[in-house]
Structure formats: C-alpha cells, structure tokens
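Q: I'm new to this one and would like to talk through its aromatic rings. Could you start with what you mean by a charge over a ring?

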Amino acid sequence: MNSVRIDIYDDRNKHLGVEDKKTAHERGLWHRTFSCLAINPVTGTVLLQKKAPGRYVFTRPDYADFTVGGHYEAGERIPDGVREIREELGLDITYGELQPLGIRQTAVTPAPAWVEREFQYWHLLPLDVELEEIPLDDAEVCGIVQVGLDDAIGLAAGDHTEVAARYFIDTGDGREYLNGTLSRDELVPGYLDTDSDQLYLRLFVAARRYLRGERKYLFW
C-alpha cells in the first residue's frame with residue numbers, strides 16, 4: 001500500500017511542500033484537515049462517529065467523535081474535503097451543501113512521536129436522514145451515535161453526565177440499531193477541556209445557532 005502524501009505548511013498556513021503523513025506527524029509539521037458535524041434540521045439531533053478499533057498508531061479509547069474528519073491529501077483544495085464524507089459515511093455530498101465555520105489552528109501531542117499540528121477546516125452538514133439511511137461502508141467507522149442537540153450541549157457543558165442516545169453499530173455480521181445512553185466520559189477529553197477551546201461545546205452551540213437561522217460568524 002502506498003503511503004498517503006499530504007501538503008505541509010508553516011505556522012501561518014503558507015504552503016511549504018509535500019510530505020508523507022506519518023512523517024508529518026512524527027516531525028510535528030503543520031498540515032490541513034477536513035472536519036464536519038452533521039445536524040438534522042428536522043429532528044434537532046447531531047451525529048457522532050465511533051472509530052473502529054486499531055485505527056491509530058497509539059492507544060485510544062472508543063470515544064464518540066465528530067461526524068467526519070480526515071486529512072487533506074496532497075494537491076486537494078478545501079472543497080475536496082467532501083471526499084471524507086463519502087469515505088466515512090458513504091454519502092455523496094457536495095461542498096455547497098455544507099456550512100463552513102472557519103479554521104481551528106491547534107497543536108497537541110496525543111502520544112510520543114505523534115504530534116498533531118493542524119489547520120482544521122470545520123463545517124456543519126445539514127443532513128435530514130435516518131440512521132438506517134446512512135450506508136457507513138468505511139472500515140474506519142464502526143458506528144454512529146445520534147443525540148439531541150440540547151442534550152449534546154448539556155453534556156459538553158457539564159450540566160449532564162449522561163444523556164439518551166440512539167446507536168447504529170456495525171457488528172461485522174450486520175447492522176444493529178439500539179437505544180441507550182451517551183456519557184460525558186465517552187467524549188474526547190481534549191475537546192471538553194475548559195483550559196482549551198471546549199470544541200464540543202463550541203460546535204454544538206454553532207449548530208444550534210445555525211438551526212435558529214444564523215449564517216455568519218457561527219464558529220466564533
């Protein structure tokens with residue numbers, strides 16, 4: 001299998017060249033990623049993804065992460081990030097269907113010799129579909145969690161420790177849909193950190209503002 005090549009940048013988001021993705025993380029080189037949060041404008045729910053085990057070079061619990069996220073490959077433009085939606089959810093979405101939120105510049109070291117220095121291009125994805133309508137044919141994603149937006153905000157803000165949720169799980173032998181709960185401990189800790197930018201809370205609040213008709217300055 002060929003290694004993935006990605007564009008690298010300086011800390012002002014100016015292009016420097018191309019590097020192997022693994023090497024870029026080992027050396028802590030700045031690069032770009034595509035991310036989005038899917039929200040159902042009819043039901044007022046958001047979708048979070050569960051990664052399949054063994055998809056990281058370091059040990060990572062099975063957190064409920066944002067709906068879609070991945071690296072831009074070398075030569076891709078910002079709108080080309082919709083490739084990740086197709087790869088992770090199995091849905092064909094055009095960039096014009098997304099609501100761009102802005103760029104999050106972040107640097108974190110989740111494991112020794114693995115440094116994430118990223119310009120994250122964030123989006124909202126209005127998606128009026130049921131869990132049963134999501135193909136989810138990517139080996140990286142093993143399930144989707146559907147949570148009410150108000151519950152998601154309360155969970156991220158620390159007002160709740162657990163909320164009702166509906167799950168779609170790929171068991172390997174087929175699909176399973178079940179009702180359950182999502183706890184605060186199942187969210188990525190760094191995205192909850194009150195000493196950082198509280199990414200979950202910011203994105204969920206941006207989604208609520210979007211549903212109320214706002215279209216400018218949502219992220220900030």
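A: A charge sits over a ring if NZ of Lys or CZ of Arg is within 6 Å of the ring centre and within 35 degrees of the ring normal. Please keep in mind that this is a predicted model.

Q: Okay, so which ring does the charged end of arginine 202 sit over?
A: The charged end of arginine 202 sits over the ring of phenylalanine 219, at 4.3 Å from the centre of that ring.

Q: And where does arginine 215 lie?
A: Arginine 215 lies over the face of tyrosine 210, and its distance from the ring centre is 3.7 Å.

Q: Switching to ring pairs, how many aromatic pairs are there?
A: The count comes to ten aromatic pairs. One of them joins phenylalanine 34 and tyrosine 72, which are edge-to-face, with 6.3 Å from centre to centre and 90° between the planes. This pair links distant parts of the chain, since phenylalanine 34 is in strand β3 and tyrosine 72 is in the loop between β6 and α2, 38 residues apart.

Q: Is phenylalanine 34 buried or exposed?
A: Phenylalanine 34 counts as buried because its relative accessibility is 0%, and tyrosine 72, at 5%, counts as buried too.

Q: What about phenylalanine 66 and tyrosine 191, how are their planes set?
A: Their planes are at 35°, so the pair is tilted, and the ring centres are 5.5 Å apart. Phenylalanine 66 belongs to strand β5 and tyrosine 191 to helix α4, 125 residues apart along the chain, and both residues are buried.

Q: Which aromatic cluster does Phe66 help form?
A: Phe66 forms one aromatic cluster together with Trp122, Tyr191, Tyr200 and Phe204.

Notes
Residues numbered from 1 in each chain as written. Predicted model: local features only at pLDDT ≥ 70, side-chain atom pairs only at ≥ 80, totals over all residues. Heavy atoms only, no water. Phe/Tyr/Trp six-rings, centres within 6.5 Å; stacked < 30°, edge-to-face > 60°. Helix = DSSP H or I, 4+ residues; strand = E, 2+ residues; numbered from the N terminus. Buried < 20%, exposed > 50% of the residue type's maximum accessible area, 1.4 Å probe, protein only.
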